[in-house]
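Q: I'd like to learn how to read aromatic pairs, cysteines and internal spaces in a structure. Can you walk me through them?

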Amino acid sequence: MDRERVTYLVSEFKKKIGLAIQKKRYSDALEMLYSCVSLLCYTNPYYVDEELEESVRTIAKAVFPKANASVNREELEQNTILFYDGAGLDVRGLARIYLEALVQDFRVCYVTYADREPEIPGILQTVREHGGKVSFLRRERPLGMVKQLDAVLRECRAGKFIFYSYPHDVVGPVLMQAYEGVLTRYVVNLTDHAYWLGARAIDKCIEFRDYGASISSEYRGIPREKIVKLPFYPKIVPQEFQGFPFPVKDGQQVVFSGGALYKTFGEGNKYYEIVDYILASHSDVIFWYAGGGDDSELKKCMERYPGRVYHTPERPDLFQLLQHVSFYLSTYPLCGGLMYQYAAAAGVEPVTLRRDDCNDGFLLHQDELHVIFDTMEELKQEIDRVLTDEVYRKARGEQMRSAVISPETFAENLRGILVSGESGQDIFYSHIDTEAFRANYLVGFTEENMLWLCVRKETLTAMLRFLPRLAVRGILLKLRLKCSGKS
């Protein structure tokens with residue numbers, strides 16, 4: 001799919017969103033907004049869309065016309081925080097570390113979706129043990145979920161709202177916009193490299209690195225006085241290493257990589273060129289990838305190097321398994337920040353090929369660590385040295401351990417943001433050219449991908465009413481995939 005096609009589709013969505021608002025069909029408008037935002041998140045043509053932000057504002061005012069007038073800011077509990085978690089992940093992501101810091105100084109009202117309850121035992125324990133309140137939202141049409149969240153907010157009377165969710169979430173932004181000027185609204189900008197909705201519905205944007213702060217300032221148009229920086233750390237759950245899912249003989253080494261496989265496609269297949277180099281040059285190495293997605297290129301590696309390439313789902317003992325490998329190979333052209341952090345905390349070097357500035361800022365003083373290499377030749381030299389020099393490998397691992405912020409410093413900085421509006425972390429802004437990086441999002445993104453995104457259970461009613469051709473094509477695609485056993 002090319003950029004022109006994305007632009008056309010977004011334009012069509014905007015027209016229909018506007019028409020639905022004009023007809024006062026706000027539920028339909030919100031559903032189409034959800035589909036449009038999902039498309040923008042996956043194609044990343046830009047970082048903010050003022051027309052869609054205005055649609056959020058219009059919907060919020062129409063659905064909650066008296067929200068501001070009905071709530072007295074002075075009567076809200078400024079020491080109470082509503083933490084809206086749209087993802088509901090116990091260890092993966094940042095919700096757990098934020099909550100563990102928040103419960104030390106604030107009363108927390110934690111909200112997520114009911115179907116996530118079995119997946120978050122650690123989060124629930126953290127909140128409940130410290131006297132916090134837990135609420136669950138039912139999955140239904142987006143407008144219904146916004147109203148459920150509003151009911152929770154009114155009940156807990158929180159003076160602060162922390163929005164932590166996927167970039168295509170429309171529930172949080174609508175409610176935050178409705179209470180502009182009443183609540184202090186924070187967004188945890190986890191997806192700092194991509195489009196997300198709600199840039200005009202916040203009071204503070206919490207970035208974890210200078211890269212994201214620069215993007216938000218220059219491309220999202222968020223005033224710098226609203227931007228604060230708070231580096232994160234990986235939540236490590238004590239558990240036993242579950243072992244390798246394959247035999248490892250004496251003298252063999254394991255190189256590990258992982259995350260969503262889409263991050264390994266593009267840029268001339270350089271990632272798999274690196275994998276091939278490792279396996280061809282070091283006969284004692286086994287390569288292990290853990291993560292979901294299209295594994296067609298991994299299967300080619302398996303055919304070339306039988307018994308030396310393995311692909312598994314994600315592992316709950318990620319930190320522990322990293323302690324048993326020689327190094328972590330970062331994905332390319334897109335790398336994962338949390339995987340960087342886990343590798344460093346485990347004392348393992350995250351060997352990385354630079355693509356652009358998006359690789360920067362995952363670790364403290366990252367420039368001084370020299371884990372990112374500008375050329376393939378430099379990368380290969382590092383790989384060779386790590387795999388052949390055990391003393392060097394261990395020394396590099398020790399360097400990594402100090403490159404992650406401590407839980408105590410994280411909690412102190414978060415407290416500063418919520419009390420005084422400052423984290424104590426300096427931000428160094430710079431111009432970042434994102435054109436090439438964003439273009440990579442369209443590599444492999446097809447019309448079928450678009451139809452799959454746009455036709456979901458939560459949005460099908462509005463799509464059939466306002467964009468019937470697109471909806472029918474999406475339904476037929478899903479039926480075809482179901483019949484073929486691919487869905």
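What follows is a short tutorial on a predicted model.

Q: How many aromatic pairs are there here?
A: The idea is to look for rings whose centres lie within 6.5 Å and then check the angle between their planes. In this model, that gives 23 aromatic pairs. Take Phe256 and Tyr328: their ring centres are 6.2 Å apart, and with 40° between the planes the pair is tilted.

Q: Which parts of the chain does the pair of Phe256 and Tyr328 tie together?
A: Look up the element that holds each ring. Phe256 belongs to strand β8 (residues 253–258) and Tyr328 to strand β11 (residues 327–329), so this contact ties together parts 72 residues apart in sequence. As for exposure, Phe256 is buried at 1% relative accessible area, and Tyr328 is buried, also with a value of 1%.

Q: What does an edge-to-face pair look like, say Tyr271 and Tyr289?
A: Edge-to-face means the planes are over 60 degrees apart. For Tyr271 and Tyr289 the angle is 90°, with 6.4 Å from centre to centre. This pair links distant parts of the chain as well: Tyr271 is in helix α10 (residues 270–281) and Tyr289 is in strand β9 (residues 285–290), 18 residues apart. Both tyrosines, Tyr271 and Tyr289, are buried.

Q: Which residues form an aromatic cluster?
A: Here you look past single pairs to a group of rings. One cluster is made of Phe241, Phe244, Phe246, Phe256, Trp288, Tyr310 and Tyr328. You've already met two of its members, Phe256 and Tyr328, as a tilted pair.

Q: Which charged side chains lie over a ring?
A: For this one, check for a Lys or Arg over the face of an aromatic ring. Arg224 lies over the face of Tyr429, 3.9 Å from the ring centre. Lys478 has its charged end over the ring of Trp452, at 4.5 Å from the centre.

Q: How many disulfides does the structure hold?
A: A disulfide is a covalent bond between the sulfur atoms of two cysteines. This structure holds zero. Consider Cys156: the closest cysteine sulfur, in Cys109, is 3.5 Å away, so it is too far for a bond. Cys156 counts as buried, at 3% relative accessibility, whereas Cys483 is exposed, at 73% relative accessible area.

Q: What lines the second largest pocket?
A: With a pocket, go from volume to lining to chemistry. The second largest pocket has a volume of about 560 Å³. Its lining has 26 residues, and Asp210, Lys229, Gly361, Leu363 and His365 lie nearest the centre. Helices α9 (210–218) and α14 (366–369) each supply at least two lining residues. By class, the lining has twelve nonpolar, seven polar and seven charged residues.

Q: How many cavities does a search of the whole structure find?
A: Unlike a pocket, a cavity is a space the probe cannot get out of. There are two of 30 Å³ or more. The largest cavity holds about 100 Å³ of space. Among its 13 lining residues, Phe163, Ser165, Pro167, Val187 and Trp196 lie nearest the centre. Strands β4 (158–164) and β5 (184–188) give two or more residues each to that lining, which is made up of nine nonpolar, three polar and one charged residues.

Q: And what lines the second largest cavity?
A: The second largest cavity has about 40 Å³ of space. Its lining includes Leu94, Tyr98, Asn189, Glu207 and Phe232. By class, that lining counts eight nonpolar, one polar and one charged residues.

Technical notes
Residues numbered from 1 in each chain as written. Predicted model: local features only at pLDDT ≥ 70, side-chain atom pairs only at ≥ 80, totals over all residues. Heavy atoms only, no water. Phe/Tyr/Trp six-rings, centres within 6.5 Å; stacked < 30°, edge-to-face > 60°. Helix = DSSP H or I, 4+ residues; strand = E, 2+ residues; numbered from the N terminus. Buried < 20%, exposed > 50% of the residue type's maximum accessible area, 1.4 Å probe, protein only. Lys NZ or Arg CZ within 6 Å of the ring centre and 35° of its normal. 1 Å grid on protein atoms, 1.4 Å probe; cavity = no way out; pocket = protein on both sides within 12 Å on 5 of 7 lines; lining within 4 Å. Points joined across faces, edges and corners; volume = space filled by probe spheres on them. Nonpolar A, V, L, I, M, F, W, Y, C, P; charged D, E, K, R; others polar. Disulfide = S-S within 2.5 Å.
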